[in-house]
Amino acid sequence: MFKPLEPPKNKDPLHRTRQLVLPPRARSRQAHLFTQAAAEGRFALPRCKTCGQFSVPARDCCPNCLGGEYELADTAPSGTVLSVTEADIPFLNYFRERAPWRVVLVRLDCGPTVLAHGHYDCAIDGRATMSLKLDKAGQAVFYAAPAETGGDPLSDPQWREMTADPRHRRILITDGRNPVTPALVRDLLQAGARKIFVGLPDLWKPLAWENELRQHAAVQVVPLDVRSERSVYELVRAYGAKIEILINTADHIRPGGYLAPGQLCHAADALDMLAMGLMRLAASFGPVMAGRGADGEAGAVAWVNLFSAYAQTPSAALAGYAMAHAAALNFSLSLRAELAGGGIRVMNVFSGASDSDWFQTMPQPRVTARVLSRSILDGLRGGLEDVHVGAVAEDIKERLRANPKAAEREISSTRFGG
Amino acid sequence: MTTSIQDILAEALTQGTLRIVDLTHTLSPDFPTLVLPPEFAQATPVKIEQLSRYDAAGPAWYWNKLTFSEHTGTHFDAPAHWVTGRDLPLNTVDTMPLENMIRPACVIDCSSACAADADYLLTVDVLKEWEDRHGKIPAGWWVLMRTDWYKKSSVDYANLKADGAHTPGPTQEAIQWLIEERDIIGFGTETIGTDAGQAGNFALPFPAHSLLHGAGKYGLQCLTNLDKLPARGAIIVSAPLKVLDGSGSPLRVLALADTE
Amino acid sequence: MSKPTRQSYIDVVITTPVTIPYSRYSSENTTWWIGRALAALAGEAGLDHRDLDGLSIGSFSTAPDTVIGLTQHFGLSPRFIDFLPFGGAAAILGLRRAARAVQAGDVDIVACIGADTNAVDSFEESLKSFSRFSQDGVFPYGAGGPNVSFALIASHYMRKYGARREDFGKIAVAQRENALRNPNALFKVPLDLETYMKARAIAAPIHLFDCVMPCAGAEGFLVMREATAKAQGLPFARLSGSIERHNAFSGDLIQERGGWAVDVDELYAMAGLQPSQIDVIETYDDYPFISMMQFEDLGFCAKGEGAEFVRSHDLTIAGSFPHNTSGGQLSVGQAGVGGGFLGLVEAVRQVTGRAGATQVAKAKHAMSCGFGMINYDRGLASAAVILSGES
């Protein structure tokens, strides 16, 4: 059903905040092949390794050749709509609260017939552009959009349930000292964010772009130091219930191997900022956001963490820094599991060296603030879970996928110039 | 009836004829710390983590875990803090002689000059002028530089610019003179560090740190309320934590002074 | 090489149709309902229940027990058991297996029972363990329960073959009229076409009166040799023909026929009958349009002519094509797997002349159909039997 996204009204204090009931979460293990694709925004389906036939639903055994091994293979995201219905009175509460709910049956060009959440313009015999999304329960589902027009995704409330568009939402950027901040603030405002809180630790330290931040009417600079439990608590007390997207930009870059001068202190500081900082944020903001996962059309929706690509496998030349990011990444997966119950998606953004002074000796290509910011925005709009930004992050991802041991050997011994 | 010093002190304290002035900032994570080039290890702010607060982690008790560097907040510098004092005897806070922990002080009021110039430097001439008015600085006393810096907002307090901090402090000559000519026990300031913010660029970088500690003298920094002390004679109680091999420590600094 | 012909069920008969009156919700569990049916079967057959040496149970909700545990529960020592959590096809599948076992001498008397209870949360619980493809590929789309899936199939069928809601409505309205003669039907008020048409949409084109109402209940019958039935003085029905077929026509992009269409010729050949000789038909009516498909796939009309067939017939008990004479699941209620037994039990009553107020005059041959298990995008299981009276 067409329903434009309206700016949210102020809360009626006499009404209880709508609590989230989730769509079904149960999936077979094989079905998580779809999760893997959806997390990265790919359209990839299980394909029999023996005969090459695609299968939806995910199977353990190929009905064509009885082969027992499947691989995830990218394929054309297109198909033909066979049938359409709109559930007016769905049985499950999640859908009933959001009824009518449009469901379509699509014959994919690559073979299988799939049930999909359908854009309101999808019609029988029409061509559909398909995608795999993560629904409110964090599980993979198909979404069909009309191929001819593409549809206006944001005017489809079903699409909005599966994505985290910043439009009309209030956002917290936890550490305004991260150099991505000015570009990110500009992009989020342009995308229609209603308000952006920018956290700033060590208010007594100057910040080159502080004046630029303060000139936006929708931006509010707030004291926030993720290294301080009290600071985090004080911010959540003031604004916790007004944040729908949290973007954790806290970082503490100190390159060097474990024998480099002061690395024990640097690594401890990095761990405190990244891993413990994330945990402090989670302890304060997690429950508040999870309680607002269904709070209207622009309810709490996403939690973004920025990670070094070396969080996944280290370079020994960044030993302490990579360790801190790995610890934070590990925690983010626990956080993802916890927040899933509240319908909040945790998006992890991995990137290689940025333009920061700290990475001055790292080889090109670097990830500019502009590119990183656009990737965060695209990830939110697409409802992604894992985003790899730039050639280095992509390269590490691919190498880890192809041969984790080779990746470990090669990447851990990478030395950077300088 | 004999009157012992102990009795006099007891009466003064209980009758309120002796003022106690708190020269200490609250130990808080928001309080600025010394900023070194970031590749060096840093004096981290105090971290206060709750262990329990009458809750499941401790139903009837409240306590926190504290983490801080030895040079966080209002703190004490022992000679071992600087390389020049590293080989001196009793140069750490755990070995420091007790009698050095309670000493009288001279307070040099530089507040109006500092209001006009954040980079104000205390010179020998100013010290001599002070002596003209208040008498010679006695050996074994503290010299405390009053700047009223503690009254500033945290941004102005740190006063960080692209070329570093801009805060007042002593000249190399003034420190040399206080050590060699007056044999003070130590030098105290209201700013972050006994040295001026730009002292890294002096002919002898960080002269207060370098010379004071090389001579076995102490430093006190981030003091407050120096404007509430008499020019001379207030008794400074500054007992740092007895940290094993410690180079300094945050501490509660008290001054005892006559009522005005 | 020619295919061997199907052997007849000579000497095998069906007796003792029993129905435990349904209730919308029940706080009793399924084992209780099965126990009531077992007691009714033994009682009406004049047997001690220990004499029943075969037990065949169709149910979704006996967990954690299967039929083996139930033998101890009921004090039986059977030499043949069967367990059929097969939805709308379970009744006929159970009958087919029991009949062959009796025929081969593996067992003397098989009690076939279909039962499910219906607690307030039964439906939601049953969704959780229904099928893996549903869990992975259907429920996440808001299609909890079959309405959405059947709406997609119905929508396609209507578009392709020109069936209209009014045609489905005619089926539902006729069944309600039949149900008003059945004291066990949960729906007791008449239904007219206008009310049917104005009902709220559940998932278009499925509207309220296209849907069955889940309830608690049990149905059962006995399968034995003709000699045994005669010795006990039990009226019986003969099993003239039967078919089952699963996952048929998987190449159809969207379901428009059931597996009956594969084997229907053998069904009639086995019975030695033509469609026109069937006096009464009990289709599996989880939705009226599925009944319409059965008219086509079981040879009463050609594919795509179901709607026209319905328009040209009176489907009530006294009509030209008596259909779902007890009122069917649409008007009696759907007692889980018991829903597949409803038509079969009614067919036994019809051909033994013991259908009471719903009796079709001179009913000699009756057909009963089963359909079920919408595992992913289509119903997988199809089955049908033709029962004939004694003479």
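**Chain C and its contacts**

Student: How much of chain C counts as buried?
Tutor: Of its 391 residues, 59% do; buried means that 20 or more other C-beta atoms, placed from the backbone, lie within 10 Å of the residue's own. This is a predicted model, in which local features need pLDDT of at least 70 and side-chain atom pairs count only at pLDDT 80 or more, while totals for chains, interfaces and linings use all residues. Residues are numbered from 1 along each chain as its sequence is written, with chains lettered from A and ligands numbered from 1 in the order in which they are written.

Student: What is the radius of gyration of chain C?
Tutor: Chain C has 19 Å, which agrees with the value near 21 Å for a compact globule of 391 residues. The radius is taken over C-alpha atoms, and the globule rule is 2.2 Å times the number of residues to the power 0.38.

Student: How many helices and strands in chain C?
Tutor: Chain C has 14 helices and eleven strands. These are DSSP runs numbered from the N terminus: helices are H or I with at least four residues, strands E with at least two.

Student: Is helix 14 of chain C enclosed or not, and why?
Tutor: 14 of the 14 residues of helix 14 of chain C are buried, so this helix is largely enclosed by the rest of the structure. Helix 14 covers residues 338-351 of chain C, and its end C-alpha atoms are 20 Å apart, in agreement with the 20 Å expected at 1.5 Å a residue; the expected span is 1.5 Å times one less than the number of residues.

Student: What follows helix 14 of chain C?
Tutor: C:G353 follows, with a positive phi near 70 degrees.

Student: New topic. Which chains share the most contacts?
Tutor: Chains A and C do, of the two pairs of chains in contact. Contact means C-beta atoms, placed from the backbone, within 7 Å. Chain B and chain C do not touch, and their nearest C-alpha atoms are 36 Å apart.

Student: How many residues does the contact take from chain A and chain C?
Tutor: It takes 33 residues from chain A and 29 residues from chain C. On the side of chain A that touches chain C, strand 3 of chain A gives the largest share, six residues. That side divides into 22 nonpolar, six polar and five charged residues. Ala, Val, Leu, Ile, Met, Phe, Trp, Tyr, Cys and Pro count as nonpolar, Asp, Glu, Lys and Arg as charged, and the others, Gly among them, as polar.

Methods
A residue is buried if 20 or more other C-beta atoms lie within 10 Å of its own, exposed if 12 or fewer, and partly exposed in between; C-beta atoms are placed from the backbone.
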